[in-house]
Each structure stands twice: as C-alpha cells, then as structure tokens.
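Biologist: Got a minute to go through this one with me? I'd like to talk about cavities and then salt bridges.
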Amino acid sequence: MANFVYLGEKHISFSKKKKLEKMFFALKELMIKTSRESGNNAEIKKQVLENKLIEVVKEYPELIFCAEKITEEIYDGWWQTHNESFLYTAFDKKYYNLVKEITNNKEVCTMLFDDHGNSFIEFIAIMSHYECAQELLFDILDKHPTLLRHKGKNGNNLACFAAYRYKDVPYLKELIIRTINDEGACYQLNDKGNNIGMVCAKNGYQELFDLAYKNILARAQINKNGDNMAMIAQNNGLIVPPLSKQEVKEFYEEQINNKIYQICR
C-alpha cells in the first residue's frame, strides 16, 4: 500500500513497518465501520472497541505515528496532499478516550493534523464547534504544560495563534490567561513581533491586557513596528493602567542617569 506513511522520528525495521501498515488500515476501517452502526447496542459496541484500541495503542505505541497519505483535487487541476493519521481517525469518529490515550505522547500533539498545516493542539484550540474540543485541549495542556510555548508553522505560540477567535470561543480566555502567567510563553513573539499582551491589546481585550500589563518585562518588549504594549493599547482605545510610584521613579532614574552619563563622559 503505497499511500501508507510513518511519521515517527524513531527508526523502525522494515518488517515492523509492514506489520504496522497492515494493522493501521484494518483498525482504521474497523473504527469507521463501527462508528457508522446504529441500533440499541451500537454505542456499547463502540465503547468496547475503543477500550480494546487503547490496549492496542499501549502495546504498539508506534501506531499513533501511522497515517494514510491522501491526495485530493481541490480546484480545477490543483491537487493537495495531506496525511490522515491514526489520531485523525480517532478524533473524527469520536473515540475521545482513545484520543486522550494517544495524546499522552507529547510529540503526537504537535504533529501535523489537518490539510491546513495545523497541529492537533492548534486544531482543537480554534475548532470549538467540535464536540469535546475544550475538554481535549485542556487535558493536553494539563499533561504537557510546556505546549503553551510550542510554536506552529507561522511562528505563533498557541495563544497568539488562537487569540483572534476569543470573542467567539469563550474557553480561549483560560488558554490566554495560562499563557500570560507562563514564564516563557508570555514573552514569546508572534510573526509580527507581538507578545500575547500586545495581541490582547490589538484585539481590544481590556481585561486580558490589564493582566498581561502587570508583567514589567513583557510590557517593555517592542514589536517590529517599534510599539510596546501600552502604545498598542492606546491606539486601540484601551485604558492603560497608571505606573506605580516606584516604576515612575525608575523611569526618571534611567532618563537622568543617561543625561548625566552624556554630560560626564
């Protein structure tokens, strides 16, 4: 089967790969077929299959890196290729406990998931209309907190990538707050040089901007246009909290020290 691909970094033997190939397509077909069944016992049968698949994944962890290469015509002679992984089938057919088991592996959470180049964790962060997206997102982040700092193909961390959807996806507020409070993710800059506080300011999120602005180092950062967090907030009609007396003192100390240095050097 030429359309089988193995996406894992760990090298596997030819014989192991052929076995995984056979298992992958058979299990994928079984998942799809069972999910389509109806009747009084259909859900029970699906649960039994899911429990067994979890056992299989534990025994054959390489299975989660198996995928089928799909090539489709998207427009008048334009073709697009993407990989439909074991995780994709599990999610698409609503085997959510199996998804939770698969995403115990941090690497698979950042593996390309859809034909737009999004990883799985990026996909569920913005696809709120999918059942269990919120539950799965925070289940992954609870297991792998450092994924807040993972940067996708456009150079954006998870919160910067998803923040534009905040008004339509209420649970993204928790994602943004976690990022603001994360030592590391709060300073990461997106493709335009904005940290998460700047992104909140640009989008008019007053409450989240106020929280981000408390971080002195983050608010001192400057984006590609030479703007800091306060400048972006003011340009977008937000209220910028006043500086504390200590911060005002430190500001003037820096200014005066520079002047004295220029005079006395």
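Biologist: How does the lining of the largest cavity divide into nonpolar, polar and charged residues?
Modeller: Keep in mind that this is a predicted model. The lining has 1 nonpolar, 5 polar and 2 charged residues.
Biologist: Which residues line the largest cavity?
Modeller: G117, N118, E122, G152, K153, N154, N156 and F161. The space inside is about 50 Å³.
Biologist: And what about the second largest cavity, what's its lining by class?
Modeller: That lining has 6 nonpolar and 3 polar residues, with no charged ones. Among the residues there are I180, C186, I196 and M229. The second largest cavity holds about 40 Å³.
Biologist: OK, switching topic. How many salt bridges does a search of the whole structure find?
Modeller: It finds 15. One of the pairs is K94 with E131, at 3.7 Å from N to O. K94 sits in the loop between α3 and α4 and E131 in the loop between α6 and α7, so the pair ties together parts 37 residues apart in sequence.
Biologist: Is K94 buried or exposed?
Modeller: Neither, K94 counts as partly exposed at 45% relative accessibility. E131 is partly exposed too, at 47%.
Biologist: What about E135 and K100, how far is N from O there?
Modeller: 2.3 Å, in a salt bridge between the two side chains. E135 is in helix α7 and K100 in helix α4, 35 residues apart.
Biologist: And where are R178 and E174?
Modeller: Both are in helix α9; they're 4 residues apart, which means about one helical turn separates them. Their salt bridge is 2.8 Å, N to O.

Key. Residues are numbered from 1 along each chain as its sequence is written. This is a predicted model: local features need pLDDT of at least 70, side-chain atom pairs count only at pLDDT 80 or more; totals for chains, interfaces and linings use all residues. Side-chain values use heavy atoms; hydrogens and water are left out. On a 1 Å grid over the protein atoms alone, a cavity is a set of points where a 1.4 Å probe fits but cannot get out, and a pocket is an open set with protein on both sides within 12 Å along at least five of seven lines; lining residues have an atom within 4 Å of a point. Grid points are joined across faces, edges and corners, and a volume is the space filled by probe spheres set on the points. Ala, Val, Leu, Ile, Met, Phe, Trp, Tyr, Cys and Pro count as nonpolar, Asp, Glu, Lys and Arg as charged, and the others, Gly among them, as polar. A salt bridge is a side-chain nitrogen of Lys or Arg within 4 Å of a carboxyl oxygen of Asp or Glu. Helices (H or I, at least four residues) and strands (E, at least two) are DSSP runs, numbered from the N terminus. Buried means under 20% relative accessible area, exposed over 50%, partly exposed in between (1.4 Å probe, protein chains only).
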